[in-house]
Each structure stands twice: as structure tokens, then as C-alpha cells.
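Here is a short briefing to read alongside the coordinates. Keep your viewer open, and feel free to jump to whichever topic suits your work.

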Amino acid sequence: MPFIPHTPDDIAAMLATIGVDSIEALFDEIPADLRVGAPALNAIPNALSEMEITRLMQARARTDGQPLCFIGAGAYEHHIPAAVWQIATRGEFYSAYTPYQAEASQGTLQLLYEFQSMMTALTGLDASNASLYDGASALAEAVLMAVRANRQTKSQRVLIPRALHPAYRRTLRAIIEPQGLELVEVDFDPRGGHTPVERLEAAAGSEECAAVVINQPNFFGILEAVDELTDWAHAHKALAIAVVNPVALALLSPPGDWGAKGADIACGEAQPLGMPLSSGGPYAGFLCCKQEYVRQLPGRIVGRTLDLDGKPGFTLTLQAREQHIRRGKATSNICTNQGLLVTAATIHMALLGAEGLERVAANCHANTRRLGELLGAIPGVEPLFERPVFHELALRLPAPTAELLRSLAAEDILGGFDLGPDYPELDPALLVCATEMRTEDELRRYADTLARLIATPVTSSSGQVSQV
Amino acid sequence: MLIQEQSRTGRRATAQAPLHSPEVADIPEGLRRRARPALPEVSEMQAVRHYTRLSQQNFSIDTHFYPLGSCTMKYNPRACNSLAMLPGFLGRHPLAPETHGQGLLACLFDLQEILKAVTGMHAVSLAPSAGAQGEFAGVAMIRAYHRARGDHARTEILVPDAAHGTNPASAVMCGFKVREIPTGSDGDVDLDALRAAVGPQTAGIMLTNPSTVGVFDRNIQAIAQAVHAAGGLLYYDGANLNAILGQVRPGDMGFDVIHMNLHKTFSTPHGGGGPGAGPVGVSKRLEPYLPVPLVAHEDAGYLWLTESDRPESIGRLTAFGGNMGILLRAYIYARLIGREGMGRVAEFATLNANYLLARLQEAGFEAAYPERRASHEFIVTLKREAREFGVNTMDFAKRLLDYGYHAPTTYFPLLVPECLLIEPTETESKEDLDGFVAAMTAIRHEAQETPEQVKGAPHSLPVRRLDDVRAARQLDLAWTPGASEDAHG
């Protein structure tokens, strides 16, 4: 029996100790008509051996191929040092649970404290939690937190830029809508691609807002004037919520330094810190804030304290915010979060350090800039916006984006993110990214292929998919 | 010592970062960082040694018996990890086209089908990232269902007083008021109180069955009847699904919507606090509201269904639709145990729990519900030990750590005084269970003879008992440069 160690003798002895004559007898309190009949489970296949499942999974993994990736749009292909996952998947990290018994979990607890310290260093804020599910759900928690924490206004309105990831905006709506919060979208400048203060002003109107979401860089890769936006928020009694890429923070001004007073809350996707793309998860959301808001911070938080002998140690703290203590009055329902991913992120940051992360960021930026030069040389391809970017670039195309992407994919090139469906006024347009992983040859291969496809449009039949 | 405290200016794990550092002069100066963040500067070996040593300070399933009630700490097969980490799966971008994802989508589609069959639900979405997010999705679907019918008066969710804290927290996040239903002295929900509580304001009830007190609620059909008759829906918290897997299906009990904790029942790793995966299953009438994305199968192959295909969906819970790597691990586990293995999980989880309970009772420990059959877990109350020896449940829990056992869940559910909620799972052997009984017996003996030994525990771990009050009052949540020396004072 897979993963069940009982011998026939064990079973007999255990049943005798309990005083029943069969395992079936242990289910005698369950109404008989509720017991499932075998046919109901017919859709479940029979067991495979480890060798057989290995064969199946290898075949399926091969099907998905390893195309050349120029998509960013919230998930980035970075080099992950070999040590990161070798250590993160050690059984002592992999198969432990939430460190409720602190003395038996000092490894995880100290690591989480180190993670919190790294995230506060990157964001320039005072406190960090131990993770949320992903960047988008972290933003939803940040918005809920800001509305609770803002003592200057009772407003339930939050301004969010339209130049924020469309999937983040959708996630935000799904999570906060049941609580009756109002989201007001702020349009971007059609030439600059940024979110000017005047647009905030116009979107806010005469009503107060609880918070303003500021995205650096924004979804188009454009660098926002974060100081002005933060100051505007504070001048209008709103909290400033930063949505940031942690790798970009190795180069860019940290949210704690934005404007005169600094952003109040920073959140984002920790995936670029050592997490494989994995089709979208598991990743980890991070959430940091100023000290004054720490009691509104959702999720696990680790604190350093002393043991009976006065020796330093680590423990979960401020648990009175959490669901297992406060139940319906908790800051969030979150319980299990993304501990193992945080383990990877912490090891990743320790290995790279500030200089290593800075090099990763600079190489991504330089590669994307180079890709922009190569693609920009193709007739009809040009940058959509004129403002400076970081590490991601929006391009106008001379032909329908979806068709070009299909043709590129047929040649195992993932050409970018089609901006048309979410921003019809920009169509046909493409968002591209080349991380430090892309070589000059690969950039040229993409540019040459795109140039050929644009020059000789074909009606592609690449919609076919193969099945395993 | 923290990794930050081992840092030396100018030291780096050079091989891990790009060799060159290109100019970024096109980024305006005013938007650039003025000073480098205080991240550690250590060599590769220092980092590897540091985190390997930290790992050794953890208890884990791979190293210790971990009978943490309600958490289903069963063995996590290694093949699930290595196969989910094949390069084709790990390297796939979430926005890659379906043409470059048929292998993944096939696994996810198959997993949806397996979960539907084993729970008796009409449709499944794999999107929620953990149990609590599954709860949120489930309650949001209940809300969407009533609203679609114009039934706006249903503002209340019923939750038994023994429920997990996530239940009321999730209901509140969905905009509902929570009303608690008492648990009867036999461990079942107080049916009279439930009948008195339901009405036109009832949106639904959230139930765990077997419940958090470790017994199967024998009145589940009457509960379902009462709630449905009042126009409410039934939500199944799948935290305890391990107890009934392949034996009883939530769909057959009358539940309209459920979540499953794949990191419990389907053996994906707990990871020191996640990642989990909390798929939701629904009856036919809730199917339109499932969170996106879903995986469909058509002649041309497998494809995602997203917002545009599912206009009534409650929406998207994360940017890219779920913890795919965890779903793959659950799928591999399901294929390794197969159809017959599903029922065996519940059988042997139940056998182990009842055996451990019987042995502990023989040894003189008091069961909280002695008249009842244990499900996959059970509660022992140490109120007698606390009264007679002045040694409480927390002391027992800490002393168990010295004996090499992770403590069971303590002081939950709140309605049983001095309780231990013990869940051995099916993957533990008889010898391991016997060892645990011997440790509990030895600790009780110590409690009687040398109570200070127990009250001062643990003695053999990297730290002794920690000052939680100090942790909360003198908050120290992050290391800052230069603060190392005085932080310990």
C-alpha cells in the first residue's frame, strides 16, 4: 500500500487494542446511506508505480517545451542559483508547517525574520510580514489594510492606476468588492504612458480617498513620478500604497523614500527573487509598512525575543491580529501562506546580495533596451510611449498582435504580452521584456523572426496543439 | 547569528550574479536608489552552511512524528517534488500560450476530474491558493448565488463554535455577519440551536465534518435539510477530508460548495507555512460562479477558461490563477495512490487515530468525547493533570519536543479545556504511535514526580521557552544595520 506502513499483523493488533474486528467497524457512526459505492469513484484511475508516473510526467513536461521567452508582464525568468532550491527542498524546510511550536521551528522562524529584514531593507519601510499568496492578492490585502488604517478619513474609495497590471486590477476587484470598497481607475497619459498627478486629481474629484496605489515601474515599464504621486496622496489624507518589483528596487528609489514622507505601504510579487516561472505559481506576495500601521498588517509576522535564559530566539508575534485568535475580527482570513517560497527568496537574496541584485536588474534593463533597439529597427515597430522605462517596453506594431504572437510561438518564441485586449486604444501593441537570461543571439533571433513575419504575413495554422 | 550579522563589506557570492554591470544612465537620477539596501554580503559557502544549519533547527515530517491536529502532517512523497520540478513545468511562463502548455493543462484537467469524483461535486476550480482562499471563494459564490436571485436579505453565515478561525474570518471578508452555533455535549452540532437560528437571513452554514472535535456529525443530513429548507447553502470546510476520503463524499452529504486543502489530504508539502492549494468544488447551481481560471478539454486540446468565458465568475484570486506547482504535486500523489488508495487513506488515518486514542486511554489519559468513535483525529483533555500536578497542556506540548515529538495542536478547539488535538495520519507506523504513547506516559510520570522538569521544558532544543509577551510588547521585527549589539539587551 503506497505510503501506508501497516503489516497484516499490525492491523490485527491495532484492531484488538481498539476492540473492533475490522477497520470498517470504525466508520459505524457514519450513516450507512452516506457511504460511497465503488462506481462513484470510477473516474479515478488505478494506481501507478513511481516509474510509471515518472514516464507520464516526463512526457507531459516535454510537451510544454522550452520556448524562448520574451514575456514579462508580472513574472520574470531570472537565473536561480543552484543552492536556492537544493536547500529550500531539504525535508526540514519542505515538510515542516507553520512554526506554532517556536522552540522546534527556530530554523524557519529565524529565516522568516531574515526575510522580513531583507524586505524592509529593499522597500525602506519598517516592517514586513512573512508573505501572502502572490503580488495581486498582496495588493488586495494592502488596500483593505489601508482603508482600515487610515484614521484621517472614513472614505472607502481607493484610486488605482489603469497602468497597473490588468490581472492585478481584476484580482483586486474580486477580493475587495464584497466588502463594499470603491475602486476608481486613473487613466494614464497617452503620450508618456505614466500616471500624472492631474489625472489623479481628475479621478478623485471632490471626494476623499482612503488610499492611492502607485506602481513603479507601471505595467508598461514606464517609470512613474513617484515622489509627486506620494505627496499628492498625503496632501489629500490618503495613504500611499506602492506596488513594486523587488529586483527593480535594487536600482530604484525605495518606497520608504518616496516624496516627503515616504509611501505608507509597499507590496508586490516576490517571484523574481528565486522562484521559477511555474506557469504562475507558487509565488509569494510581500507586504511591508511603516511601524505605525503594523497592527493592521495581515499575515504571519515573526519577532525576535528572549528565551528563559535570556538567549535571543524567534517566535510568531502580534497573533492577536490573526484569524485563529480574532476569528471574525481578524485583519484577514489568511493562514497558510507561501513559506517555502519565502525560504527560497531569502536564500536567493543572501546569495546575490545588494550588488548581485543590482547587476541582475541592470542586465535585464540593458537587455530590454537592446531588444527595443533591434525591434525598433523593424519598419512599423516603435515605442508606444516616450517616457523612460525600466526592464519592460511597450511597442506599437504594424500588424495584428495576436497573429504575430501565434506565428512566433509556432517557431518557439514567446514574443510578449498582447496589450490590445486590455487597452483597445493601444492596439496593435505588444509588451516585451528580456531578462538577464537572454543572450544577444536570442535577441537577434527574435528580431529577425519578427521582421520576417511582418514583411511576409502568412495565414498561420499554428493553432494546432498536440496532446499527451 | 543572523545572516545579516555575518555580512562583511565587499564579500560576495560572485558566481551567482551576472558578470557584467551595464550602464543604466537612461534611468533618471531622481528615481534611482541613493544607497544600496542592507542585504547580506556573504560567500556562497557561508550562505549554504547558514541555511543548512537553520534547517536543522526545525522539526519536520521528514525528521519527526508531527501529529498536529487539523493539519494532516502526512508523508510528502519525494517523487511528487522531483516530477513537479521537471524543467518543462518549472520554466513555463504563466502567459505562455496553450500550445506550449498541453502537458500542464492535461495534468490540471485530470486533477479536476479526480477531485470531482472523490468529493461528489459537479465542478471544480483549482484556483484558490490555500484553504482560507478556498473559503473566501466558496462564501463569495454563496453570495453571488443569492444576489443573482435577487435574494439580498441573506446577510448571515452560520458557523459552529468549534470551527476553524478562518471560517468566520472568510465570511466577514465576503461581507457577511457571522452567527455562532453551539456544539452539543456529544460533539455534534446542537441541532435545536441550529433550527432556531436559520431563517430568511441565512445565506449558508460553514461546516467541517468530521468536525474540529474529531467526530463525524451524525446529524449531517438533518443539518443539510434544515439549512436548505430555510433557503441557505452548505459550505464544507475540507480541512478534515483526510478522514473520509474515498469513504464519504461531501456532495452526497448535501454540501453545495467545498474547499479541499491539497497540502493536507493530497500530501503536498506544508513548506514551513505554505504554499498550499485550496481548490473549490460546487454543486450544479453554483457552477457559473467558480473562480477563474478553469481548465476545459475540447477536440483541439486543453484550454483555459477565463473571465471572458465565464461572465458570472466571482473572478480571479491571484494574478496567474493558482499554485500550479502544488497542483502538480497533488496530481502526482493522486496517481500514485490511485482509486483504491483514496479509500485506504481514510481507513488507515482512522485506524491510527482510534488506536492511538485507545492506547492513550489505557495509559490513563482522558478523551474529550469518550463515547464517540475518533475520526482521523481526536481530543485528549489534560484538565486532570493540570489540576492535580499543576502541569498544563502547554507544558506537556513543550516537553514532548524534548522527547522528539512535534506537539499536537494545543488549546484548539477552544471549547475543550486543556486540550490536545491529535492527528497521527495514515503514514505513521504502529511503532511510532507506540513511541508517542510511551513519551506521553513518561511525561505524566514526570509531571507527578518532577513537575519543574515539565514546566521548564523544552531543555534540549536550540532555545528554551520564548517570551511571547516580550515579543509582542517590545517589537523587534527586522534587523537594521548597527542594531545587532543592543538588540539582545
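The notes below go from the contact between chains to domains, helix packing and backbone geometry.

This is a predicted model. Chain A and chain B meet through 168 residues of chain A and 176 residues of chain B. Helix H11(A) is a good place to begin, since it returns under several headings: it gives 19 residues, the largest share, to the side of chain A that touches chain B.

**Where the chains meet**

- On the side of chain A that touches chain B, the residues comprise 87 nonpolar, 56 polar and 25 charged.
- The contact as a whole draws 168 residues from chain A and 176 residues from chain B.

**Domains of chain A**

- The assignment splits chain A into domain 1, made of 68-78 + 353-455, and domain 2, covering 82-347.
- Taken over C-alpha atoms, the centres of domain 1 and domain 2 of chain A are 28 Å apart.
- In the contact between them, 24 residues of domain 1 of chain A touch 23 residues of domain 2 of chain A.
- Both H11 and strand S12 (393-396) of chain A supply at least two residues each to the side of domain 1 that touches domain 2.
- Which element gives the most to that side of domain 1 of chain A? H11(A) does, with six residues.
- By class, that side of domain 1 of chain A holds 15 nonpolar, three polar and six charged residues.

**Domains of chain B**

- Chain B is assigned domain 1 (4-55), domain 2 (79-337) and domain 3 (344-470).
- The centres of domain 2 and domain 3 of chain B, taken over C-alpha atoms, are separated by 31 Å.
- Domain 2 of chain B brings 19 residues to their contact, and domain 3 of chain B brings 18 residues.
- The domain 2 side of this contact in chain B consists of nine nonpolar, eight polar and two charged residues.

**What the UniProt record lists**

- For chain A, an unreviewed UniProt entry lists residues 3-444 as "domain: Glycine cleavage system P-protein N-terminal". In the model, residues 3-444 of chain A are 35% helix and 14% strand, with the end C-alpha atoms 51 Å apart.
- For chain B, UniProt (unreviewed entry) lists residues 25-296 under "domain: Glycine cleavage system P-protein N-terminal". That span of chain B is 34% helix and 13% strand, and its end C-alpha atoms lie 48 Å apart.
- UniProt (unreviewed entry) also lists residues 346-451 of chain B as "domain: Glycine dehydrogenase C-terminal". Residues 346-451 of chain B are 52% helix and 11% strand, with 38 Å between the end C-alpha atoms.

**Helix packing in chain A**

- Helix H5 (residues 106-123) and helix H11 (residues 339-376) of chain A have axes that come within 9 Å and cross at roughly 60 degrees. This angle makes H5(A) oblique to H11(A).
- The crossing of H5(A) and H11(A) is left-handed.
- Among the residues that meet here are A:Leu111, A:Leu112, A:Phe115 and A:Met118 in H5(A), and A:Val342, A:Ala345 and A:Met349 in H11(A). The residues of this contact of H5(A) with H11(A) comprise seven nonpolar, four polar and one charged.
- Helix H12 (residues 401-410) and helix H13 (residues 440-455) of chain A pack with their axes 10 Å apart, at an angle of about 130 degrees. H12(A) and H13(A) are therefore oblique to each other.
- H12(A) and H13(A) make a right-handed crossing.
- A:Leu404, A:Ser407 and A:Leu408 of H12(A) meet A:Thr449, A:Leu450 and A:Leu453 of H13(A). Four nonpolar, two polar and no charged residues make up the contact of H12(A) with H13(A).

**Backbone points to check**

- Most residues other than glycine have a negative phi, and most peptide bonds are trans.
- Is the peptide bond from A:Asp427 to A:Pro428 cis or trans? The bond is cis, with omega near -5 degrees. A:Pro428 sits in the loop between strand S14 (417-418) and strand S15 (429-432) of chain A.
- The peptide bond from B:Asn209 to B:Pro210 is cis, with omega near 0 degrees. B:Pro210 falls in the loop between strand S4 (202-207) and helix H8 (220-229) of chain B.
- A:Ala73, a residue other than glycine, has a positive phi, near 55 degrees. A:Ala73 belongs to the loop between strand S1 (68-69) and helix H3 (82-88) of chain A.

Technical notes
Residues numbered from 1 in each chain as written. Chains lettered and ligands numbered in written order. Predicted model: local features only at pLDDT ≥ 70, side-chain atom pairs only at ≥ 80, totals over all residues. Axes fitted to C-alpha atoms, helices over the stretch in contact; angles between N-to-C directions. Helix = DSSP H or I, 4+ residues; strand = E, 2+ residues; numbered from the N terminus. Parallel < 35°, antiparallel > 145°, perpendicular 65-115°, else oblique. Left-handed = near helix turned anticlockwise from the far one by under 90°. Contact = placed C-beta atoms within 7 Å. Nonpolar A, V, L, I, M, F, W, Y, C, P; charged D, E, K, R; others polar. Domains from an automatic or database assignment. UniProt positions renumbered as here; feature names shortened; annotations may be inferred.
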